[in-house]
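Here are my notes on the model you sent over. Have it open while you read, since the points go through it piece by piece.

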Amino acid sequence: MLLSDTRNHSRNLLTSFQIQLFEHGSSTIKGHKQVISQVLPGRPKSAVSEVPLQQLPPPQAESRDHGSENGGSSSQHRVDPLVLLIALVCGIALLLPTWQVDTSSLPPYLHLTIHQKLVVAYVLGLVTMVILQF
């Protein structure tokens, strides 16, 4: 669509655009390339044959391999304290007595239903996945 608008307004227009390369998960620029192009009159004759792209291994696999070679997890990746607090609260909630199943000397408002415990167990599973991802 942009090409047809440009073709209607001018012929042999020189334009440029910049390609910037960022590191995955970061906003720092690793490199850039200025590309100059010329818009020519007419229509393209046929579809340009595409060159297959070379696929690189995902960067996360490399970082995990380096962490295991060093004999432990990297100090760069730290688990958020809020995630650990949620895991602790879920663990404590699962240890509370079940409503109308367990007899306990704890006040009734500390008894959880089976449905509440299922939700807490699900959240604990999600939090565990987040912790183990690092």
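1. A quick word on confidence before anything else: pLDDT is the predictor's confidence in each residue, on a scale from 0 to 100. This is a predicted model, and the protein chain comes out at an average pLDDT of 75, with 66% of the residues scoring at least 70.

2. Now the weak spots. Residues 1–7 have a pLDDT below 50, and the model gives this stretch 5 contacts beyond near neighbours in sequence. Residues 61–74 also stay under 50, with 3 contacts beyond four places in sequence. Where pLDDT is low, the predicted coordinates should not be read in detail.

3. On to the strands. S1 (residues 13–22) and S2 (residues 29–39) run antiparallel, and 10 bridges join them. To check the register yourself, find Ser 16, which sits opposite Ile 36 in S2, and then Gln 18, which faces Gln 34 in S2.

4. What links the two strands? S1 and S2 form a hairpin with 6 residues between the strands. Have a look at Gly 25 there: its phi is positive, near 80°.

5. Last, the surface. Which residues make up the nonpolar patch? They are Leu 82, Leu 85, Ile 86, Leu 88, Val 89 and Ile 92, and together they have about 550 Å² of accessible area. To find the patch, start from Leu 82, which lies in helix H3 (residues 81–95).

Terms used:
Residues numbered from 1 in each chain as written. Predicted model: local features only at pLDDT ≥ 70, side-chain atom pairs only at ≥ 80, totals over all residues. Heavy atoms only, no water. Pairing = 2+ DSSP bridges. Helix = DSSP H or I, 4+ residues; strand = E, 2+ residues; numbered from the N terminus. Patch = residues over 30% accessible without salt bridge, like charges linked within 9 Å, V, L, I, M, F, W, Y side chains within 5 Å. Areas by Shrake-Rupley, 256 points an atom, 1.4 Å probe, with all protein chains shown as cover. Salt bridge = Lys/Arg side-chain N within 4 Å of Asp/Glu carboxyl O. Contact = heavy atoms within 4.5 Å.
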